[in-house]
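Let's work through a few exercises on empty space in a protein. Have the structure open and try each task before reading its solution.

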Amino acid sequence: MCGIIGYIGKNMAVPVLLDGLRRLEYRGYDSAGIAVLNDGAIAVRKRCGRIANLAELLLESPAPGTAGISHTRWATHGEVTDSNAHPHFDQSGKLALVHNGVIENYATLRESLVQEGHVFVSQTDTEVLAHLIGKHYDDAGGDTTKARLIEALRVALKQVVGTYGIVLLHRDLPDVIIGARRGSPLVLGLGKGENFFASDVSAVVAHTREAIYLKDYDIVSLGRDAFEITSLLGGASGFEVTKVEFSEEDVSKGVYPHYMLKEIFEQPATIRDAMRGRLSREEATAVLGGLGMSNAELRDVDRIILTGCGTASHAAMCGEYLIEALAHIPCEVEFASEFRYRNMPLTRDTLVFCLSQSGETADTLAALRESRRKGNRTLGICNNVASTIARESDGGVYMHAGPEIGVAATKSFTSQVTILTLIGLLMGRIRHQSTTEGLRIIDELEALPDKVAEILKANSHIKAIAEKYAGASAMMFLGRQFNYPAALEGALKMKEVSYIHASGHPSAELKHGVIALITPELPSVVIVPKDSVYDKNISNIEEVKARKGPIIAIGTEGCTELEKIANDVIYIPSCPDYLSPILTSIPLQLLAYHTAVKLGCDVDKPRNLAKSVTVE
């Protein structure tokens, strides 16, 4: 979850490292630090808080040099303090290291090192790893060489239990920085006379468009003009140079005050891109060649499991309703964090989909590996074609949503639900749907981007509603059928960015307990499109109204009766039941965004959160 960038080249390292850290700050912003190698010494600067604090320190105390490593932290082991900020040194003070991941056996390793006389200055697992590598380097003796450092790293990593993406430098080796990964992402950026390490390619896209996405157990020695990739187990490791698809402009806010608002407004385009080239009117179906399965193989599927974390799990819940409605295949959702710890019966004809925007989510990756270990075909739905999930799955569907920088997921949710709709269409057409029905679904899908754009025109109206209720200490979100997951997602967005306690519930469950919470001070957001349970939802609104609870209704254009019973109404265009979560999620995102802005919250960097959860 932390952000890493390393640089070695012809330019001063600090401007490159700071720029990269700013681009990675969404991955963690508890503290930040830099280590720069120059004239046989390592200069380290570390500060709690945002990158701006570190930049201020570097103005007061510059760190010249053309090779350096840097880190922005999301705390796992140890409090948020300057001493716990990365980089960390080994016992000799000659080796500095930054780390993303968790060393699970760090306490045992630390105790052993303490007994040998090592002294630690932080509470982190990372410092233990730095000491361990340094110990093996010093114990080896002999000439100061790159090979000696890599061998020390290899020996140390074989003692480690856990995950890591690490970059290190050594005072005695000024012309090389070293990186390694297992379970936490690390990218190699290739320049001319300069090279980079980063935990996300967005950190280096301003400098290069050529990248190598490292694999688990890769070890890289990186110089100014060359690199070498070997395996932890020994020998060379294969790699592929990838052309980065997005540009520096794609990872900027542009005219928007926040990434979250920019990404909300990108959804007409990202939904269209999720469908681009994947709808066949001739066959009245979806074309998803990336699944790597024939129609005969898909027809043999008798059960589907969708798994993900956070927003991806809510998209999966929408997919459960969608696939069962469109394809009549039993479908269920499992939290990825629970998947591998359950002894869940999986038949041979069960198909598993793993949903992850980054393609690096630790729990989802673990679920993918567990599913494949059990012999089930396992497919990915992610936004990074070079991610670990994309590489290790048996196939899948790429979202084409572009970089999502805002910590609170928005466009990735609607892209995932759109893709799950395509899967439902494909599976339905090879089973029971007629050509006429297939074409009707395609018509509705193709109309989605314009309908989303229409909702976005109500931004000012939604902002006024958000500001009206921003003083609430808690909120309730209610939805039914396809929109129950949308209610959960709306509550999650509100919690994530505004810190207002919000809970999502099936509308029909209101009277089975949570109605006890209704007061004049607790607003309820009720998702009530004109669908098969519209009248039932109206009854739920009446129940809340009878107890003087304020109501924000999200309804379908033309349902003017909502204005008589709700305090405020947000309208969406008419659409089939199965597509309504895509449309209803847009005002929920805007409601959360504007509430957070009104409260003065840091929308793009909510407290305690980070974008890519690469630790369990």
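**Exercise 1.** Into how many nonpolar, polar and charged residues does the lining of the largest cavity divide?

*Solution.* The lining of the largest cavity divides into three nonpolar, nine polar and two charged residues. Keep in mind that this is a predicted model. To find the place, start from Cys2, Thr76, His86, Gly101 and Asp125, which lie nearest the centre of this cavity among its 14 lining residues. Next, look for the elements that give two or more residues to the lining: strand E4 (67-73), strand E6 (95-100) and helix H4 (125-140). The space in the largest cavity comes to about 90 Å³.

**Exercise 2.** Which residues line the second largest cavity, and how do they divide by class?

*Solution.* First, the count gives two cavities of 30 Å³ or more. The second largest has a volume of about 30 Å³. Its lining is formed by Phe339, Arg342, Met344, Leu346, Glu370 and Lys374. Sorted by class, three of these are nonpolar and three charged, with no polar residue.

**Exercise 3.** Which element gives the most to the lining of the largest pocket?

*Solution.* Begin at the centre: Phe246, Asn383, Tyr398, Gly402 and Pro403 lie nearest to it, out of 40 lining residues. Then turn to strand E14 (242-243) and helix H7 (267-275), each of which supplies at least two residues. H7 gives the most, with three residues. By class, the lining has 16 nonpolar, 11 polar and 13 charged residues. The volume of this pocket is about 700 Å³.

Terms used
Residues are numbered from 1 along each chain as its sequence is written. This is a predicted model: local features need pLDDT of at least 70, side-chain atom pairs count only at pLDDT 80 or more; totals for chains, interfaces and linings use all residues. Side-chain values use heavy atoms; hydrogens and water are left out. On a 1 Å grid over the protein atoms alone, a cavity is a set of points where a 1.4 Å probe fits but cannot get out, and a pocket is an open set with protein on both sides within 12 Å along at least five of seven lines; lining residues have an atom within 4 Å of a point. Grid points are joined across faces, edges and corners, and a volume is the space filled by probe spheres set on the points. Helices (H or I, at least four residues) and strands (E, at least two) are DSSP runs, numbered from the N terminus. Ala, Val, Leu, Ile, Met, Phe, Trp, Tyr, Cys and Pro count as nonpolar, Asp, Glu, Lys and Arg as charged, and the others, Gly among them, as polar.
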